Amino acid sequence: MERKEFDRKLILEDGSEYYGYAFGDTSDKVTEIVFNTSMVGYQEIISDPSYTYQSVVMTYPLIGNYGIANDDYETDIPTIGGLIVREYNDFPSNFRSKRTLSEIMEKYHITGISGVDTRKLTRSIRDLGSRRVLITGLNTSVEEGLKIIEENPYEHDAVKLVSCKSKWRSNVFDARYHIVAIDCGI
């Protein structure tokens with residue numbers, strides 16, 4: 001299989017660059033970069049409110065292969081900043097799949113980049129800590145990218161954005177108990 005030319009890249013605030021291919025939303029985005037070592041559960045990760053404003057580097061090398069199922073969201077509207085993967089598969093094989101990962105990322109404006117050396121990037125995050133990153137096109141120079149990162153303040157206080165704002169009930173027939181759950185990320 002012939003590989004196409006890189007069309008996206010990451011610029012970290014330390015000036016390092018990583019090249020790859022676009023999937024999902026293709027807008028430029030500045031986020032905090034973190035990693036996740038799960039082998040499965042990318043749908044749960046992109047819809048997990050704890051990743052709001054962050055780009056997640058997936059250490060498992062193949063992402064997208066089982067698609068997106070309607071019943072597996074952690075929240076109704078994903079708020080993750082971006083997804084960075086080694087290999088993206090756009091042809092899901094799960095009978096429950098209703099959409100591809102890329103389609104959902106486009107719908108919710110989640111930027112994605114594949115083809116990245118995620119092992120090297122994860123070691124960088126582990127050794128140097130989380131940093132801000134710009135996901136951008138190839139024409140953005142490191143100097144321009146660093147300026148964009150500097151001019152975009154950290155998004156913060158995601159708790160207000162993702163917290164439950166009202167009480168909700170789940171009524172059941174002939175209930176024996178009343179259970180109260182405090183939403184700390186249910």
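Okay, let's start with burial: of the 186 residues in this protein, 39% are buried. Keep in mind that this is a predicted model. Along its principal axes, the C-alpha trace spans about 65 × 40 × 30 Å. The exposed surface comes to about 11800 Å², and carbon and sulfur atoms supply 50% of that.

On to secondary structure. We have 5 helices and 9 strands, and if you read along the sequence the order is β-β-β-α-β-β-β-β-α-β-α-β-α-α. Take the contacts with a separation of 6 or more: 76% of them join residues 24 or more positions apart.

So, what's inside? The largest nonpolar core has 18 residues, and the ones with the most contacts inside it are Phe23, Val56, Met58, Ile63, Leu83, Val85 and Leu101. Which elements give two or more residues to this core? Those are helix H1, at 42-46, strand S4, at 54-58, and helix H2, at 101-107. Apart from that one there's another core, this time of 12 residues, with Leu12, Ile33, Ile84 and Ile113 among them.

Click on Phe23 for a moment. Leaving out neighbours within four places in sequence, phenylalanine 23 touches a long list of residues, including Leu83, Val85, Leu101 and Met105. Also on that list are Tyr88 and the run Thr111, Gly112, Ile113 and Ser114. Notice Ile113 there: that residue belongs to the 12-residue core.

Next, charges. Searching the whole structure turns up 7 salt bridges, and I'll show you three. In one of them, the side chains of arginine 8 and aspartate 28 meet at 3.3 Å, N to O. Arginine 8 sits in strand S1, residues 8-12, while aspartate 28 is in the loop between strand S2 (17-24) and strand S3 (29-36), so the bridge ties together parts 20 residues apart in sequence. Are the two partners buried or exposed? Arginine 8 is buried, at 6% relative accessible area, whereas aspartate 28 is partly exposed at 43%.

Then there's aspartate 127 with arginine 126, where the closest N and O atoms are 3.0 Å apart. Both of those residues are exposed. The third I picked is lysine 147 with glutamate 151, with a closest N to O distance of 3.9 Å. These two are 4 residues apart in helix H4, residues 142-151, which puts about one helical turn between them. Again, lysine 147 and glutamate 151 are both exposed.

Let's stay on H4. Which of its residues are buried? Val142, Gly145 and Ile149. Looking down the axis of H4, the buried residues fall within an arc of 60 degrees, so they line one face of the helix. As a reminder, an α-helix has 3.6 residues a turn, so residues three or four places apart point the same way. On the other side of H4 you find Glu143, Lys147, Glu150 and Glu151, which are exposed. And what do the buried residues of H4 pack against? They pack against S1, S2, S3 and strand S9, at 131-137. So the strand that holds arginine 8, S1, comes up here again.

Now rotate round to the loop between strand S7 (87-88) and H2, which is where serine 97 lies. The serine 97 side chain reaches the backbone oxygen of arginine 99 at 3.2 Å. Beyond its neighbours within four places in sequence, serine 97 is in contact with Tyr66, Gly67, Ile68 and Pro92.

Proline 92 is in that loop between S7 and H2 too, and it is partly exposed, with 28% relative accessible area. With close sequence neighbours within four places set aside, proline 92 contacts Gly64, Asn65, Tyr66, Gly67, Ser97, Arg99 and Thr100. For a sense of scale, proline 92 and aspartate 174 are 82 residues apart in sequence, and their C-alpha atoms are 41 Å apart in space.

Last stop, a couple of backbone angles. Tyrosine 53 has a phi near 70 degrees, a positive value in a residue other than glycine. Tyrosine 53 is in the loop between H1 and S4 and is partly exposed at 25%. Histidine 109 also has a positive phi, about 60 degrees, although it is not a glycine. Histidine 109 is in the loop between H2 and strand S8, at 111-114, and is exposed, with a relative accessible area of 52%.

That's my tour, thanks.

Notes: Residues are numbered from 1 along each chain as its sequence is written. This is a predicted model: local features need pLDDT of at least 70, side-chain atom pairs count only at pLDDT 80 or more; totals for chains, interfaces and linings use all residues. Side-chain values use heavy atoms; hydrogens and water are left out. A nonpolar core is a set of buried Ala, Val, Leu, Ile, Met, Phe, Trp, Tyr and Cys residues joined through side-chain atoms within 4.5 Å. Buried means under 20% relative accessible area, exposed over 50%, partly exposed in between (1.4 Å probe, protein chains only). Contact means heavy atoms within 4.5 Å. A salt bridge is a side-chain nitrogen of Lys or Arg within 4 Å of a carboxyl oxygen of Asp or Glu. The arc is that of the directions from the helix axis to the C-beta atoms. Accessible areas come from the Shrake-Rupley method with a 1.4 Å probe; for residues, only the protein chains shown count as cover. A polar contact is a pair of N or O atoms within 3.5 Å; within protein, one must be able to donate a hydrogen and the other to accept it, and residues adjacent in sequence count only if both atoms are side-chain atoms.
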